[in-house]
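Please open the model in your viewer and set the display so that both the backbone trace and the side chains can be switched on as needed. The tour below moves from one selection to the next and says what is to be found at each stop.

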Amino acid sequence: MNSLRFDYAGARVLVTGGSNGIGLGVARAFAAAGAEVAITGTKASAAGYPPDLSGLAYFALDVRDADAVRHIIGYMPDF
């Protein structure tokens, strides 16, 4: 059986809700494929989550706050 591989080298990816569960799995898959990955969650810092989030840029974000979403989008080129 062939293994499907993706190459995201040089890509930047934002995964909202990437601090645990399916979102974290998606974030790790993108990172394994070579992307720089930023994740968002509702806690003040990555240290507030039980999973190890090292290797992922973390941003606290309430997606109901339109100004905060615009701020994250504007910040993304610098992560």
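Begin with helix α2 (residues 66-75) and select D67 and R70, which are 3 residues apart in that helix and therefore separated by about one helical turn. With the side chains displayed, you will find that D67 and R70 meet in a salt bridge, at 2.6 Å from N to O. Bear in mind throughout that this is a predicted model, and that every distance given here is computed from it. D67 counts as exposed at 53% relative accessibility, and R70 is likewise exposed, with a relative accessible area of 53%.

Next, select R64 and D62. Here, too, the two side chains meet in a salt bridge, with 3.0 Å from N to O. R64 is exposed, its relative accessible area being 75%, whereas D62, at 33% relative accessibility, counts as partly exposed.

How many salt bridges does the structure hold? There are 3 in the structure, and one of them is reached by selecting E36 and R12, whose side chains meet at 3.4 Å, N to O. Because E36 lies in strand β2 and R12 in strand β1, this pair ties together parts that are 24 residues apart in sequence. Colouring by accessibility would show E36 as partly exposed, with a relative accessible area of 37%, and R12 as partly exposed at 43%. As general background, side chains of opposite charge can pair when their charged atoms come close.

Now hide the side chains and turn to the strands themselves. The sheet is an open one of 3 strands, arranged in the order β1-β2-β3 with parallel pairing. Since β1 (12-15) and β3 (57-60) stand at the edges and have a single partner strand each, one side of each is left without a neighbour in the sheet. If you look along the sheet, neighbouring strands are turned against each other by 20° on average, direction ignored.

Select β1 together with β2 to inspect their pairing, in which 4 bridges join the two parallel strands. Within this pairing, L14 stands opposite A38 in β2. Then add V13, which lies in strand β1 and is buried, with a relative accessible area of 11%. A distance label between the C-alpha atoms of V13 and V37 should read 4.9 Å, although these residues are 24 apart in sequence.

On the other pairing, strand β2 (residues 36-41) runs parallel to β3, with 4 bridges between them. Select I39 and look across to β3, where its bridge partner is Y58.

Stay with β2 a little longer and show its surface. Is this strand mostly covered or mostly open? It is mostly covered, as 5 of its 6 residues are buried. T40 is found in strand β2, and at 2% relative accessibility T40 counts as buried, the cut-off for that term being under 20%. What surrounds T40? Leaving aside neighbours within four places in sequence, T40 is in contact with L14, V15, T16, G17, G18, S19, Y58, F59 and L61.

To see what packs on the strands, bring helix α1 (residues 21-32) into view. Helix α1 lies across β1 and β2, and the helix runs at about 175° to β1.

For a further stop, return to E36 and select Y8 with it. Their C-alpha atoms are 8.6 Å apart in space, while the two residues are 28 apart in sequence. From Y8, extend the selection to L4 and F6: these three residues form a nonpolar patch on the surface, and together they have about 350 Å² of accessible area. F6 is placed in the segment before β1, and F6 is exposed, with a relative accessible area of 55%.

Terms used:
Residues are numbered from 1 along each chain as its sequence is written. This is a predicted model: local features need pLDDT of at least 70, side-chain atom pairs count only at pLDDT 80 or more; totals for chains, interfaces and linings use all residues. Side-chain values use heavy atoms; hydrogens and water are left out. Two strands pair if DSSP finds at least two bridges between them. Axes are lines fitted to C-alpha atoms, for helices over the stretch in contact, and angles run from 0 to 180 degrees between N-to-C directions. Contact means heavy atoms within 4.5 Å. Patches are made of residues with over 30% relative accessible area and no salt bridge: like charges are joined within 9 Å, nonpolar side chains (Val, Leu, Ile, Met, Phe, Trp, Tyr) within 5 Å. Accessible areas come from the Shrake-Rupley method with a 1.4 Å probe; for residues, only the protein chains shown count as cover. A salt bridge is a side-chain nitrogen of Lys or Arg within 4 Å of a carboxyl oxygen of Asp or Glu. Buried means under 20% relative accessible area, exposed over 50%, partly exposed in between (1.4 Å probe, protein chains only).
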